[in-house]
Amino acid sequence: MIVAVDTAVYPLDVVLRACHALSGRCSVAVRRGDGSAVEIEFTARDSADSLAGLPRELDDLLLDYTLRARIAEETRPIRELLVAQAFCEADLLDRRLVDADENDDPRGIAVIR
Amino acid sequence: MRLHANARISGIDRTLIGRVARTPVADPAVRAVSWRLVNDRAADIDGYLGVLALDDIDALPAIPIAHGLRHLDYLDDGDVVAVDPNGFVRTLYRRASRHNFILVTDQCNSYCLMCSQPPKAIDDFDRLDEHLRLVELIDPATESLGITGGEPTLFRDGFLTLIEHCRNRLPSTALHVLTNGRMFFYRQFAAKLGALRHPNLVLGVPLYSDIDNEHDYVVQARGAFEETVLGLMNLDEHGVAIELRVVLHRLTIPRLASLATFIARNFPFVCHVALMGLEMFGLVHRNLDELWIDPVDYQRELRDAAQILGDAGMTVSIYNHQLCVVDRSLWPLARKSISDWKNVYLPECDGCTAMEQCGGFFESGVKRHSVAIAPLR
Amino acid sequence: MLLVNETGEHLFTSRADLVALVGHELPKDSPLFADLKAKHFVFDSHSLAPFELLVAKYRTRKSFLDGFTRLNIFVVSLRCEHSCHYCQVSRVSSDRVRYDMSEETARRALALVFRSPAPELKIEFQGGEPLLNFERIQQIVLEAEVRAQSSGRRVEFVVTTNLALLDDVMLEFFRAHGVILSTSLDGPADIHDANRPRPGNDSHARVVSNLARARAVLGRDAIGALTTITRIALDRPIDVVDEYVRLGFTSIFLRPLSPYGFALRSARTTGYSTRDFLDFYVRALDYLIELNAAGTFLVESYAQLLLTRMLTPFPTGYVDLQSPAGAGVGAVVYNYDGDVYASDEARMLAEMGDTRFRLGNVHRDDYSSIFGGEPLRSITAASVIESTPGCADCAFQTWCGADPVFHYATQGDIVPHIPSSAFHEKHVFLFKHLLSLYEHDPRARRVFWSWVRNEPLAEVA
């Protein structure tokens with residue numbers, strides 16, 4: 001079974017991730033198609049396996065992986081900072097305020113309104 | 001019970017703080033720091049700090065004296081009393097009470113909508129000396145002592161000095177400090193408190209929401225959530241024990257369960273979470289329309305929150321609630337609100353079989369109360 | 001849709017809300033936005049507090065890394081008088097010279113144990129049947145105590161034993177040194193004895209009688225038990241659980257057959273699919289929830305581990321579910337012949353002739369070549385699931401872990417092919433199942449929390 005996906009809609013990275021997720025059920029081959037399309041060929045490993053539901057499942061996976069990719073992209077800097085800060089002895093954050101002397105009180109916590 | 005009185009005085013030109021001696025004492029060193037308490041005249045008043053007379057004394061001896069103190073006839077040996085030069089007599093400590101506290105300051109950097117002790121914008125930093133003197137006079141056998149305000153940490157070094165003084169003078173007295181925790185945003189301040197290694201210190205810190213702007217609104221201070229949260233982390237890092245306190249009202253109820261989850265997930269180290277009914281004191285009256293919710297209407301939220309915290313293994317107490325409005329499954333968590341003020345009960349309470357276990361009402365709370373108050377049988 | 005963040009907090013949303021969130025169209029005053037913010041899925045200011053909370057929780061979760069080689073397994077003898085069908089490694093033999101750990105090997109291994117920077121150490125005796133070499137256990141316990149004392153560390157001892165050979169001298173030694181026992185109990189006598197043949201075919205009877213003796217001397221909680229589920233137990237989850245209730249255990253660890261050693265060879269007679277195991281597990285779990293809710297405290301240990309990872313900020317010590325993998329980092333195995341392995345499974349593979357995961361030998365190699373060498377580096381590097389294809393995008397990632405030795409044994413590569421991995425199938429199923437019970441069954445939720453706390457259900461909220 002061959003399915004075409006337009007990489008102008010779904011980036012190649014997303015397509016490959018979706019294909020990988022299906023690779024437990026059948027063999028998956030990805031080839032360049034016409035224009036910005038890629039062709040995905042699903043081959044059953046065993047004559048008893050049905051490929052019938054695959055195109056639909058691929059559609060769902062493409063949407064899911066698109067959301068994941070966008071979340072991953074947008075949260076990458078903060079996740080990297082999180083891991084770095086968690087494992088690093090040195091301070092990567094701007095802690096000038098919390099490291100200040102309470103008597104200097106640069107944040108103005110003791111100010112009474 | 002009135003803890004203050006205006007007295008006629010003589011021979012007092014500065015505030016004098018001393019222990020009450022209803023029973024005569026022999027040791028001259030003890031006499032020098034003791035107020036001799038008499039009804040009218042005493043045979044032997046030599047060497048005492050001064051005399052407190054319940055009635056008026058006509059022939060005034062040449063010693064500091066405050067008289068006409070009928071209101072303070074509960075005073076007893078070991079209590080601590082301050083007499084100001086203007087004749088104001090203040091009971092600072094009562095040995096027989098389990099609820100003594102030092103009101104460090106009237107100043108506060110928050111202005112909580114339901115504050116029971118509304119702050120005053122006055123410079124009272126000079127009160128530290130009196131607090132330190134008081135600590136020296138308190139009976140070291142005292143089980144527990146509160147440190148409150150206002151916001152006691154506004155004294156900064158003075159606050160640390162006070163805690164250190166308590167540690168040195170009252171090493172076996174449990175200290176319970178009420179603070180908004182904001183000043184511990186500064187890590188060094190938390191480190192200094194931790195370094196005092198007070199053996200029995202708990203900081204009671206209020207947290208009203210898991211969302212910054214909601215907490216900030218309740219305490220009427222922008223940035224307070226950030227400061228308190230970081231403060232809690234800093235305090236824990238330096239080994240200071242923390243109790244979290246949540247006052248239940250119309251603004252805190254909607255996210256109470258989320259707040260419980262937030263506490264269990266982020267502050268699993270706190271030793272106690274107190275879920276507290278609204279006390280009808282101070283600013284509450286001014287903001288009552290915004291804050292009031294009938295406790296009987298939030299029992300589901302209260303139950304959920306208590307369950308979340310209990311499931312996570314945290315110790316939970318419910319304060320300031322009448323038992324008849326509390327879901328029966330929560331009764332084991334309900335603590336009788338205890339204070340030196342006499343609690344009162346309503347006509348509706350007549351015939352209730354649970355009055356012994358129930359905290360009843362503060363006198364000021366009678367005006368607005370749950371519609372569900374009813375005798376339990 | 002399930003969302004899980006870097007520190008393991010979770011939240012359900014509709015697909016429409018998630019799409020709105022990702023498109024920055026979710027209103028900031030919506031309750032969902034508040035929930036996302038409180039659980040640190042989103043930030044809406046430059047405030048430091050939420051980030052500091054995240055860092056603290058992340059660091060706590062990964063703190064298992066600080067305890068470099070906390071669990072030290074000593075295989076003091078490969079010999080065993082049982083001949084269990086599923087056993088990976090043991091030999092029925094009386095050749096002590098060949099299959100028992102020598103005094104010198106033990107001493108050298110112990111020296112390596114105490115090179116670890118971990119402040120608390122655990123030494124577990126395995127076999128074969130370790131009681132067949134009791135004098136080695138005595139030597140190791142005594143020497144470890146001296147070393148622990150002088151280096152100011154705590155050391156715990158566990159003996160994994162079938163209990164059959166337990167005598168009073170051993171019990172007295174275990175009592176005097178605070179040694180706890182872990183035994184095998186596969187269910188009622190017919191299942192247990194069929195799984196675990198020994199001369200006289202009395203394995204179950206010996207477990208029951210020696211369990212009582214051991215409890216009398218060591219205390220009720222000093223003996224735990226593991227259950228290996230074989231094909232004959234698959235349709236009898238209630239019987240297996242009931243046997244644990246009858247014998248007064250407070251925990252049961254339902255384990256599938258492992259894909260190593262003799263277990264693999266005898267797969268035709270004892271084996272089954274992952275799906276078969278999960279069906280069994282679900283039925284056993286339902287029954288356990290029912291029992292616990294009715295007042296019988298009996299924890300399923302694997303659910304307890306997964307739930308602790310899902311519901312709390314605390315780290316878990318289990319070496320099979322970490323990233324990077326616990327093999328060699330959280331645990332290390334000293335084999336009877338002095339070989340050092342990254343995990344118990346690794347030495348089982350070695351018994352099958354594949355020494356890929358042998359880190360070295362206590363007689364030939366030093367600490368840095370064993371723990372800084374290529375085998376351990378490659379295992380650790382390959383087991384960071386944050387970068388494993390299929391794991392990197394998975395919602396369950398922060399709750400899950402890597403098992404490179406398992407994947408090597410089943411798939412021929414330490415980097416798994418996730419879509420066809422039995423490990424993946426099992427864990428995805430378990431996370432979904434536990435989560436579904438937690439979200440929809442208030443009774444199960446309360447039981448799960450009691451397992452996480454490791455306390456019986458409280459009477460009240």
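Here are three short exercises on this structure, each with a worked solution.

This is a predicted model, where local features need pLDDT of at least 70, side-chain atom pairs count only at pLDDT 80 or more, and totals for chains, interfaces and linings use all residues. Residues are numbered from 1 along each chain as its sequence is written, while chains are lettered from A and ligands numbered from 1 in the order in which they are written.

**Exercise 1. Work out how the strands of the sheet in chain A are ordered, and what packs on that sheet.**

Step 1: Get the terms straight. Helices (H or I, at least four residues) and strands (E, at least two) are DSSP runs, numbered from the N terminus. Two strands pair if DSSP finds at least two bridges between them.

Step 2: Lay out the sheet. It's an open one of 3 strands in chain A, with antiparallel pairing and the order β1-β3-β2. β1 (2-6) and β2 (27-32) of chain A have a single partner strand each, so one side of each is left without a neighbour in the sheet. From one strand to the next, the twist averages 25 degrees.

Step 3: Zoom in on one pair. β1(A) and β3 (residues 37-43) of chain A run antiparallel and are joined by 5 bridges. A:D6 stands opposite A:A37 in β3(A).

Step 4: Add the helix. α1 (residues 12-22) of chain A packs on the sheet and touches β1, β2 and β3 of chain A. Its direction makes about 160 degrees with that of β2(A) (axes are lines fitted to C-alpha atoms, for helices over the stretch in contact, and angles run from 0 to 180 degrees between N-to-C directions).

**Exercise 2. Find the buried residues in helix α2 of chain C, and say what covers them.**

Step 1: A residue is buried if 20 or more other C-beta atoms, placed from the backbone, lie within 10 Å of its own. In α2 (residues 31-38) of chain C, that picks out C:A34, C:L36 and C:A38.

Step 2: Their cover includes α7 (256-266) of chain B and β2 (10-12) of chain C.

Step 3: Look just past the helix. C:H40 follows α2(C) and has a positive phi, near 65 degrees.

**Exercise 3. Describe how chain C touches chains B and A.**

Step 1: Contact means that two residues have C-beta atoms, placed from the backbone, within 7 Å. By that rule, 18 residues of chain C are in contact with 23 residues of chain B. On the chain B side, α6 (224-237), α7 and α9 (299-311) give two or more residues.

Step 2: Turn to chain A: 16 of its residues are in contact with 14 residues of chain C. On the chain C side, α3(C) gives the most, with 4 residues.

Note on methods. A residue is buried if 20 or more other C-beta atoms lie within 10 Å of its own, exposed if 12 or fewer, and partly exposed in between; C-beta atoms are placed from the backbone.
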